[in-house]
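Me: Please take me closely through the enclosed spaces inside this molecule, and then through the parts of the chain that you would look at next to them. I am in my first year, so I would rather have a slow, connected account than a list.

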Amino acid sequence: MTRRFGAAVLRSYESSFALEEVILSSGPADDEILVRIAGCGLCRTDLAVRRSAGRSPLPAVLGHEGSGVVVETGGPATGLNVGDHVVLSFDSCGHCRDCLGAAPAYCDSFAALNLFGGRTEHAARFTDAAGGALAPRWFGQSSFAEYAMVPARNAVRVDPSLPVELLGPLGCGFLTGAGAVLNSFGIGPGDTLAVFGAGAVGLAAVMAATAAGAVSVAVDRHPDRLALAERLGAIPLYAAPAALPDRVRRLTDGGARYALDTTGSGRLINDALRALRPRGRLGLVARLHSALPLEPGTLDRGRRISHICEGDAVPGLLIPRLTGLWRAGLFPFDQLIRTYPLADINEAERDCDAGLVVKPILIPRDGPG
């Protein structure tokens, strides 16, 4: 069955997105589902393709925070049915040691499946209107589109009473920040957290810390982001370089037990380490693009630093937890969202780059299914 639909195509690392007709020339395989996209978050990982030094193949349909309604399945093995509402998350192989150990974000094939090639099975069925090849699925989704063909293991069923068009970022950006707090750190009442960078990931961490009963400090240089962080329960702190670690320590009774850096800034990473109490832990979620020089003393007294991928999450467990917190008024992620028509993706990218929006969500022409 051939399906033609609209998608935002990126043809070169320097070009804008272009809304084009694309073609899917066959239905889902046994382990796949076809999803009508209701909304898709715009994530900085999508925009980082422009800086990937050619490692991410183009032309491609990007987008990896999709959500929508299942319109076709490959059969009962998918565990999903037509009409199910789903949130789409990252891809993983399902059979390596880490996947079998409930750590799919550390899948042996994570980079290949999500960033630098995608699943190559049936790749030729996805083309542009002229029959030209498009790159295999980005993060198993390519959901800057009206439809996405997805491995069933990427999809998490959600309650149909939820606003499905807003749920996509729970599959990546919000999942990463909240998962770092709830999974990686295991934060609980009375713990202290310093979050460096109050974007989508950082503010998700703030919301999760507030829900867990912890004290959090949000560090950023944008007053509007700090005001939002304060509304979400954090102590706001402007990121002036002077004595930043000392100011964090004063606000966290001698030092934060945990810190999360979302910026990738070497200076702020060193500041975050100095802001920790003895035996404190710093988690990094941003991709580093240069060597990270650690200043003397930053790792003294049992302090630790590690990278956290996708919030150490099993999406099928964490996404329902986050929607439950949202329903209870404890994870108000909708306050971070602004919606745009998919056709306005370039405007959404500009607003994101300018810091005018925390989390853009792109709505395809036909809207929620």
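Reply: Before the linings can be described by class, we need to know that Ala, Val, Leu, Ile, Met, Phe, Trp, Tyr, Cys and Pro count as nonpolar, that Asp, Glu, Lys and Arg count as charged, and that the others, Gly among them, count as polar. Please also keep in mind throughout that this is a predicted model.

Rolling a probe the size of a water molecule over the atoms shows where empty space is left. In this structure there are four cavities of 30 Å³ or more, and the largest cavity contains about 140 Å³ of space. Its lining is made of 18 residues, of which L24, R125, F126, R137 and M149 are the closest to the centre. Sorted by class, this lining of the largest cavity comprises 11 nonpolar, three polar and four charged residues. The element that contributes most to it is β8, with three residues.

The second largest cavity holds about 70 Å³ of space. It is lined by 16 residues, and those closest to its centre are P57, L115, A135, P136 and W138. Here the lining divides into 11 nonpolar, four polar and one charged residues.

From the largest cavity we can follow β8 to its neighbour in the sheet. M149 is among the residues closest to the centre of the largest cavity, and this M149 of β8 stands opposite L34. Between β3 and β8 there are five bridges, and the two strands run antiparallel. How much of β3 is buried? Strand β3, which covers residues 32–41, has nine buried residues out of 10, and is therefore mostly covered, where buried means under 20% relative accessible area. β3 also pairs with β5 (residues 66–73) in the antiparallel sense, over seven bridges, and in that pairing G39 has S67 as its bridge partner. A further antiparallel partner of β3 is strand β17 (residues 359–363), joined to it by two bridges, with G41 standing opposite I361. As a help in reading such strands, in a regular strand the side chains alternate between the two faces of the sheet.

The loop that leads from β7 to β8 deserves a careful look as well. F139 lies in this loop, between β7 (126–128) and β8 (147–151), and has a positive phi of about 50° although it is not a glycine. S142 is found in the loop between β7 and β8 too, and it likewise has a positive phi, of about 55°, without being a glycine. Are these two residues buried or exposed? F139 is buried, with a relative accessible area of 3%, and S142 is also buried, with a relative accessible area of 3%. Another backbone feature to look for is the cis peptide bond between L58 and P59, where omega is about 0°; P59 sits in the loop between α1 (44–47) and β4 (60–61).

A pocket, unlike a cavity, is an open set of points, and the second largest pocket has a volume of about 200 Å³. Its lining consists of S89, F90, S92, P104, R153, N154, A155, V156, V314, P315 and G316. Both β9 (155–158) and α9 (315–327) supply at least two residues of this lining, which by class has six nonpolar, four polar and one charged residues.

Finally, helix α6 (residues 223–231) shows how a helix can have one covered side. R225, L226, L228 and A229 are its buried residues, and because they cover an arc of only 160° around the axis, they lie on the same side of α6. An α-helix has 3.6 residues a turn, so residues three or four places apart point the same way. P223 and R231, on the other side of α6, are exposed. Which elements cover the buried residues of α6? The cover includes α5 (200–211), β11 (215–220) and β12 (235–238). Just after α6 comes G233, which takes a positive phi of about 115°.

Technical notes. Residues numbered from 1 in each chain as written. Predicted model: local features only at pLDDT ≥ 70, side-chain atom pairs only at ≥ 80, totals over all residues. Heavy atoms only, no water. Buried < 20%, exposed > 50% of the residue type's maximum accessible area, 1.4 Å probe, protein only. Helix = DSSP H or I, 4+ residues; strand = E, 2+ residues; numbered from the N terminus. Arc of directions from axis to C-beta. Contact = heavy atoms within 4.5 Å. 1 Å grid on protein atoms, 1.4 Å probe; cavity = no way out; pocket = protein on both sides within 12 Å on 5 of 7 lines; lining within 4 Å. Points joined across faces, edges and corners; volume = space filled by probe spheres on them. Pairing = 2+ DSSP bridges.
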